[in-house]
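Me: Got a minute to go through a structure with me? I'd like to start with the packing and then look at the odd backbone spots.

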Amino acid sequence: MIPPEDEEHYRYLLDSFDATAQQVADLPTYVNPELLPDPSTLPRTFWKEQNNPLNAWSHRTNILSASPTSRTLSGRTVAIKDNISISAIPITDGTFPELLVGKPEFPTSEIDAVVVSRILSAGGRITGTATCEHFSMTPLSYTSASGPVHNPWRKSWTAGGSSSGPAALVGVSQIREWRKRHGLPFADDQLGLGVDMAIGGDQGGSIRIPAGYCGIYGLKPTHGLVPYTGILSLCPLIDHTGPMAKSVQDIATLLGVIAGYDGFDPRMTPESPRMNEAKDYHSILTSWIKEKKENREWTSESAGRGLKIGVIKESFQVLGLSDEVKRIVSAAIERFKTIGATVEEVSIPMHLIGPSIWTIATRVHIATQGFQNRPLPMLSHPLPGISPPPFSQKAYEILTKHNPAVVNVIFNSTFLMHNREPNLHAKAMMHVYQLRAAYDEALAKFDVLVTPLNSKLGSKHPTYEMDVQKKTAPSIGATLNTCQFNCTGRKYSMRELIFSEKY
C-alpha cells in the first residue's frame, strides 16, 4: 500500500519514466548495417519445395554471392536450420506464425545471421531453410508445425531433433552416395533433394542426436567459437550453432568458415579467435592424416596410435539406455582399441547429475526470455521483427497437440519461481563450474571422452491423437548423455573432432 502523501511523488516519477519510454518507442528500428545482406546476393526469392517427401525443407532458396571473398565452399550446397535468420526469407522456428508473431504470416528478417554471411562469403550456395522442431524444443522429429520430419533411411521413423530437417537433408545426400557406391538406384520421389552440408543448432543435443539417427556427422562447437548472432535463442548459457555434414573433412571445412569473433555475440569468450585468426581445421586434419601416412600408421591397426580415449563409466548408467545401444557403442569402443588407441574407463559421477544442473540452470530463462525472443541483458543484436504473444489458452491447446515439451518448460519455470527455494537457480549455476571441473580433470588424462549418444534406437512418430504421456515418452531420457556438455563451455581438440563417435 502506498500512503496518500507519497502517491503524487511516485506519479511524477512514473510520468517521467513514461516520457523516457516514449522517446525510445518513437525511434525507428535500427539494424546494424554490418548484418545486412551482401548486395551481390540480392534479390532473393523463396518457394515451397513440391518434392519434399521427408518434410525436411521449410522454404527453398537459391542464394549465392557474386563476389565471395574465398572459394572454400565453392560448389557446395548448404541448408540452414529454420531458426536462423536469412534476410528476405520467412523464418518459422518450427511453430505457427500466430505463436511466433501473433499474425497469420511468418515474418521475414532484414538481417543475415553471421553464419549465413560467412557461408556466402566462402562461396557456398544456400538452397533453403530446413524444418526444425517446435521452438527447437524436442530431441525427436515429430513436433514441427508443418508435420513430422522423416528419417531418410526409414520413413515414418524419427530423424532426431531439433535440427531434424538439416540432418535429414544431409542424410539424403549420404544415401545418394552410398547407393551410387553399391550400384543401387536412387529414388528421388522417395527422398527428394538433399544438400552437402547444413547448419544446425544445439542446446541439449539438437545437432548430435539427429546426426546420429540420420547416419551423418554433427558437431556442437565449443561455446562461443561460432557466433550465435541472428539466431533465435533459448538460453545463452547453452546456445550453440554448428556444422552437419557427410564427412569429418566437411565438418572441419565448414567449421573453419563459420568460426571466429563477430563483435556482436556476448557468448564469445576470451578463447574465441578473431575471424581471420580462426583455425583452418581442414588443414589441421589433412596434416594429421599426412603425418600418420608418412609414419606408416594410417592403417586399420595403427591409425589411432597415440590417442588416449576415456570411456565415461556413468554414461552407460543413464536412465533408459537400451541394451542394443550399449552393444553397438561397446563394439565401436572395441574398434578404437583395434586401431591402436589406448582405451580406459573413467568414472565421472557428476555426469549423472549434469542433466539436472542443465535443467535447473536454464528453465526459467527459456520460458521467460527465449520463448519471447527477448534480448539478452547485455549488449547484443536481437533478431528484429519477432515478438511472440503472451502464452494463452489457445497457445496451450496448440502446443499440447504438437509439442507438450514447450508447455512443460513453461510449467517448470513457474514452479521454480514460485514453489522452490529462491536460490535454486543460482545454486545450479554454481554447480556448472563443478561439472566443468569434473570433465576437465578427466581431459587432463585423456584426449577424448566417449559416451553413447542416443539412448534408444530410432522410434516411430507418435500421433497427434495420443495423450501427453504417450506423445512425450519416446523423447524421455534422450539428452541424458548430451545436455551436460551444453553448459560446461569447454574447449574441444581437433582429435575429438576427428574421432567424434557419430552413432
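What follows is a quick run through cores, helix contacts and single residues.

Reply: Sure. Keep in mind that this is a predicted model.

Me: Which residues touch the most other members of the largest nonpolar core?

Reply: Ile80, Val115, Val116 and Ile119 do. The core has 36 residues.

Me: And which elements each supply at least two residues of this core?

Reply: Two strands and three helices are on the list: strand 2 (77-81), strand 6 (197-202), helix 3 (114-121), helix 7 (248-258) and helix 8 (281-294). Helix 7 gives the largest share, seven residues.

Me: What about another core, apart from this one?

Reply: There is one of 32 residues. Its members include Ile348, Ile357, Val409 and Leu435.

Me: Back to Val116. What is it in contact with, leaving aside neighbours within four places?

Reply: Ile80, Ile84, Ser85, Ile86 and Ile126.

Me: Helix 3 and helix 7, then. How do their axes cross?

Reply: At roughly 110°, and the axes come within 8 Å. The two helices are therefore roughly perpendicular to each other. The crossing is right-handed.

Me: Which residues meet there?

Reply: Helix 3 brings Val115, Arg118 and Ile119. Helix 7 brings Leu254, Val257 and Ile258. By type, the contact has five nonpolar residues, one charged and no polar.

Me: The helix 3 residues in that list are spaced in a familiar way. Why do residues three or four places apart point the same way?

Reply: An α-helix has 3.6 residues a turn, so residues at that spacing point the same way.

Me: Now helix 7 with helix 8. What angle do they pack at?

Reply: About 145°, with their axes 7 Å apart. On the helix 7 side, the contact uses Val248, Gln249, Ala252, Thr253, Leu255 and Gly256. On the helix 8 side, the residues are Tyr281, His282, Leu285 and Ile289.

Me: How do the residues of that contact divide?

Reply: Six are nonpolar and four are polar. No charged residue takes part.

Me: Switching to helix 11. Which of its residues are buried?

Reply: Helix 11 spans residues 393-402, and its buried residues are Ala395, Ile398, Leu399, Thr400 and His402.

Me: What covers them?

Reply: The cover includes helix 2 (97-100), helix 12 (404-419) and helix 14 (468-472).

Me: Backbone next. Where are the cis peptide bonds you would point to?

Reply: One runs from Leu42 to Pro43, with omega near -10°. Pro43 sits in the loop between helix 1 (4-25) and strand 1 (57-63). Another joins Gly161 and Ser162, with omega about 5°. Ser162 is in the loop between strand 5 (154-158) and helix 4 (164-181).

Me: Which residues other than glycine have a positive phi?

Reply: Asn55 is one of them, with phi near 55°. Phe135 is another, also with phi near 55°.

Me: Where is Asn55, and is it buried or exposed?

Reply: Asn55 is in the loop between helix 1 and strand 1. Asn55 counts as buried because its relative accessibility is 14%, under the 20% cut-off.

Me: And Phe135?

Reply: Phe135 is in the loop between strand 3 and strand 4. At 8% relative accessibility, Phe135 counts as buried.

Me: Val149 caught my eye too. Where is it found?

Reply: In the loop between strand 3 (125-130) and strand 4 (150-151). Val149 is at 0% relative accessibility, so it counts as buried.

Me: What is Val149 in contact with, beyond its sequence neighbours?

Reply: Leaving aside neighbours within four places, the partners of Val149 include Asn55, Thr131, Trp157, Ser164 and His461. Leu54, Ala56, Glu133 and Ser141 are also among them.

Me: How far is Val149 from Asp82?

Reply: Their C-alpha atoms are separated by 13 Å. Along the chain they are 67 residues apart.

Me: Last one, Gly124. Buried or exposed?

Reply: Buried, with a relative accessible area of 0%. Gly124 lies in the loop between helix 3 and strand 3.

Me: What does Gly124 touch?

Reply: Not counting residues up to four places away, Gly124 touches Ile63, Leu64, Leu73, Arg76 and Ile119. Ile119 is also one of the core residues that touch the most other members.

Me: And how far is Gly124 from Ser380?

Reply: The two are 27 Å apart, C-alpha to C-alpha. In sequence, 256 residues separate them.

Methods
Residues numbered from 1 in each chain as written. Predicted model: local features only at pLDDT ≥ 70, side-chain atom pairs only at ≥ 80, totals over all residues. Heavy atoms only, no water. Helix = DSSP H or I, 4+ residues; strand = E, 2+ residues; numbered from the N terminus. Buried < 20%, exposed > 50% of the residue type's maximum accessible area, 1.4 Å probe, protein only. Contact = heavy atoms within 4.5 Å. Core = buried A, V, L, I, M, F, W, Y, C linked by side-chain atoms within 4.5 Å. Axes fitted to C-alpha atoms, helices over the stretch in contact; angles between N-to-C directions. Parallel < 35°, antiparallel > 145°, perpendicular 65-115°, else oblique. Left-handed = near helix turned anticlockwise from the far one by under 90°. Nonpolar A, V, L, I, M, F, W, Y, C, P; charged D, E, K, R; others polar.
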